[in-house]
Amino acid sequence: MQLEKVYEPQRFEPHWAQWWIESGIYRADANSATQGRAFSLVIPPPNVTGSLHIGHMFEHTMMDVAVRWHRMKGQATLWLPGTDHAGIATQMVVERFLASENITRRQLGRAEFERRVWQWKEEYGGKINNQIRREGASVDWSRERFTMDAGLSRAVRETFVRLWDRGLIYRGEYMVNWCPRCQTAISDLETTHEAVEGQLWHVRYRIAGSDEYVTVATTRPETMLGDTAVAVHPADPRYRHLLGKSVILPLMNREIPVVTDAMVDPKFGTGVVKITPAHDPNDFEAAKRHNLPFIKVIDEDARMTAAAGRYAGLDRFQARKRVLAALEETGDLVETEPYTVSVSKCERCKTIIEPLVSTQWFVHMKPLSEKAMEAVRTGQIRFVPNDREALFFQWMENIRDWCISRQLWWGHRIPAWHCRNCRQITVARETPAKCQHCHSTELEQESDVLDTWFSSGLWPFSTLGWPDDTEDLRAFYPTSLMITGFDILFFWVSRMIMLGIEMTGDVPFREVHIHGLVRDAGKQKMSKTKGNVIDPLVIMDKYGTDACRIALLISAAAGSDIALKEDRMDSGSGFANKIWNASRLLFLNMDRSGIANWKRGIASDPALEDQWIRGRLDACARAVNEALSSHRYHEAGQALWDFVWHDFCDWYLEIKKLRFRENSGQDDHWTEALTVYETMLRLLHPFMPFITEELWQRLVDSAGFEHAISISLEHYPQPRQESENTVTSRQFGLLQEVVRAARELRADNKLDPKATLAATLYLHSLVFDADNLTAIAALSKLMLEQKAGSAPGTGGLIRATPDFDLIINAPASAQNGSLTPETRLRIEKDIAAKERAIENSRRQLSDQTFLNNAPPHVIDAMRAKLADYEAQVAKNRKLLDG
């Protein structure tokens, strides 16, 4: 059974990615799921405009490991894929596309623009799905969804109508974050905050009817044109004389009142602040408390309105310069000082946000958040790791009503119709023929669309057919798990919880695994502007998908960010190469031994290495299953890495190849080796699906037992109930120590690595049989004689341990009576380590509390070990003294 010499993942990865889809093996069976054996999760839908970044690959890899693990454990498993329509992002992309043809969306009109976006989506929107296939994601493509497909659009309307009917959606004026570039309101979570060096301007306002002035500090002097009051703190003694008075607004000569409000910080500036209700969220609330008028001086294009007087039509920042110049001219600008300003920007286009009062649609969030918090408190939803729970509760307890309307054309248009006759609103699932209030037919649909997060908040149940009572919904909802980054815990996770409970009466998922972000080697966030982005498509082409997957997983301590270096991918490639070369060695020897129709099993009289590797395999299976059950993917990956590389390849296979014989057929050695190897491939499969599928298919092609059509449908190895054989473990551990000691002696003394040297092994207790002594000799390149007792201490190169002494009869040039510097350093380090152990043991054995409470066998074992350490130190000191 030939295996190519070179591991070339690009040769077989595309084949298996396509075969998995065409074979339909990942289609979920809702019938078997209804028997309580379901595991389901939905993919966080990436933007249809997007392309895969390394964070996607990291997240999808963890999800795929979880899905493949549960599937191999025999559960009916659904991993549902799909993409998000990404309102603002998609509209911006298509508008840029149109701009290259000198066309604007307004020239096209809404209907034609929407048609163009759908056309663009069909032509370019499949890129992300092709990339997900490249990752090896075992999703059910037959159930792929899109947040604006017909079924999900129906779910969105149903949700909106139900929330409206329950009094949880309302329309009203509110202060919003307005993006002048995107021409829409955006949520607080869609803004970024940047600290910049700015200025604080001190402007004097004359008290009406007097020559006295108060000074107001502001970072935005252009907004003063819309001031409708100034405010002081009610407990500030400096300004009690101003109560009930008014001031004259500079440049506008408008008389505005002085009010008292607890929101004023007496330590900021002079303790007098201006109130601009139409352009500041805090001032907006203060104006409602004091019944102040709203004067809008900046419009949706970030230009000054007619209410700004002579500054009308100017850009807001041009107006700032003109206002400052005018204040300086009138003598009302009394001071300018440097000041650090927090500037809010649109996360999408980086334009500075303008707070504006606007008529928008809102969801009343408090009733929804209370149910969500209760679900987490009662354990219906579990966060892993749970350190994010506190942040979740903090957000929920301080939640504000959610502005769900966006002034866009691409998205779910709000299902509300305005009556031109009576001015009332009709909300309906289908387009109404007439107004439900006055029965007029003069209706016009709301032009705004819903926030993208509204539809994606329904994702776990809308994708399963809700609001219909479908078979999929009954079988797979609530979903079992959500894996996502902490950066969208409030954006998305919390909204899914709130909407899921409100719409279905149950939580959307049972567990939420929160992972960290993938950062560069210096722990900086990856961005194109910094030039530190790692493109997953490039590294998958370079190293292979499996190599990238295992490298990402091992880096992924639960909840922590990953500082990713590309050399980890190189290590992952080295690991895949190790697996490939070990498999090639096995396959070549299978041909040489004439293995055909092989069967899994356990040898009647297994060799020492077979007993040992089964114990190590069992320990690995236990560690991996336990780690996966707790979403500790890095621990599971590391356990597999250590077992495959060190236990299986470095030790077991090196000994086993000494046992294989030409034309032997399937003897006990082959039964054990192939059974362990096949089990190892199944253990590895969720982590490295491509290479394991390729190798397993070749292996079972010559098997004499029934098997599934894919390794991903085989059973996942589970640990045995019995504990590891300590005698076997100790004996094989001794074998390893002897081989290491021989190799270290040879290396330290620079002996010819190809030369076979005579040696004597003095064993203090255990004895090796002929087969295992032969194995030690072969691995060490020694002609080895075994004796009982301790070495006489003269002649040859010696390595002394508590369990054995090894003497190598080296050439005279290597036995010149002095130790090499390397050997001396090794012995000195060993003495230092053992002396620390001796000190710790003596401390414990002199502790009367420990002696009174510890079991006798523990105390006896510690005393025996102490004696061994003391003997070893004495022997090593004798070697140093020569």
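Reader: Which residue stands opposite Met-175 in strand 14?

Author: In this predicted model, Met-175 has Val-357 of strand 14 opposite it.

Reader: What makes strand 5 and strand 14 a pair?

Author: A pair needs at least two bridges found by DSSP. Strand 5 (residues 169-179) and strand 14 (residues 354-363) are joined by 10 bridges, so they meet the definition of pairing. Their sense is antiparallel.

Reader: Which sheet holds these two strands, and why are two of its strands called edges?

Author: The sheet is open, with four strands in the order 6-5-14-16 and antiparallel pairing. Strand 6 (184-186) and strand 16 (402-403) each have a single partner strand, so each has one side without a neighbour in the sheet.

Reader: How do you know that the sheet containing strand 23 is parallel or antiparallel?

Author: That open sheet has three strands in the order 15-23-22, and the pairing is parallel. Its edges are strand 15 (382-384) and strand 22 (479-485), since each has a single partner strand and therefore one side without a neighbour in the sheet. From one strand to the next the twist averages 20°. Strand 15 runs parallel to strand 23 (residues 509-515) and is joined to it by three bridges; with at least two required, the pair therefore counts. Within strand 23, His-513 is the residue opposite Val-384.

Reader: What makes Gln-445 buried or exposed?

Author: The relative accessible area of Gln-445 is 19%. Buried means under 20%, so Gln-445 is buried. Gln-445 belongs to strand 20 (residues 443-445).

Reader: Which residues is Gln-445 in contact with, neighbours within four places in sequence left aside?

Author: The contacts of Gln-445 are Arg-157, Arg-413, Ile-414, Pro-415, Ala-416 and Trp-417.

Reader: Why is strand 29 called mostly covered?

Author: Five of the six residues in strand 29 (residues 804-809) are buried, that is, under 20% relative accessible area.

Reader: Which strands pair with strand 29, and over how many bridges?

Author: Strand 26 (residues 757-763) pairs with strand 29 over six bridges, in the antiparallel sense. Here Leu-763 is opposite Phe-804. Strand 28 (residues 797-800) also pairs with strand 29 in the antiparallel sense, over four bridges. Ala-800 has Asp-805 as its bridge partner in strand 29. Strand 28 and strand 29 form a hairpin, with three residues between them.

Reader: How do you know whether helix 3 and helix 18 are roughly parallel or roughly perpendicular?

Author: Helix 3 (residues 54-72) packs against helix 18 (residues 545-554) at an angle of about 85°, and their axes are 10 Å apart. The range 65 to 115 degrees counts as roughly perpendicular, so helix 3 is roughly perpendicular to helix 18. Helix 3 contributes Ile-54, Met-57, Phe-58, Thr-61, Met-62, Asp-64 and Val-65 to the contact, and helix 18 contributes Thr-545, Cys-548, Arg-549, Leu-552 and Leu-553. These residues divide into eight nonpolar, two polar and two charged.

Reader: What is the confidence in the chain, and which elements have the lowest and highest mean pLDDT?

Author: The protein chain averages a pLDDT of 91, and 97% of the residues score at least 70. Helix 2 (residues 30-37) has the lowest mean among the elements, 75, and helix 14 (residues 459-462) the highest, 98. Where pLDDT is low, predicted coordinates should not be read in detail.

Conventions: Residues numbered from 1 in each chain as written. Predicted model: local features only at pLDDT ≥ 70, side-chain atom pairs only at ≥ 80, totals over all residues. Heavy atoms only, no water. Buried < 20%, exposed > 50% of the residue type's maximum accessible area, 1.4 Å probe, protein only. Contact = heavy atoms within 4.5 Å. Axes fitted to C-alpha atoms, helices over the stretch in contact; angles between N-to-C directions. Parallel < 35°, antiparallel > 145°, perpendicular 65-115°, else oblique. Nonpolar A, V, L, I, M, F, W, Y, C, P; charged D, E, K, R; others polar. pLDDT = per-residue confidence, 0-100.
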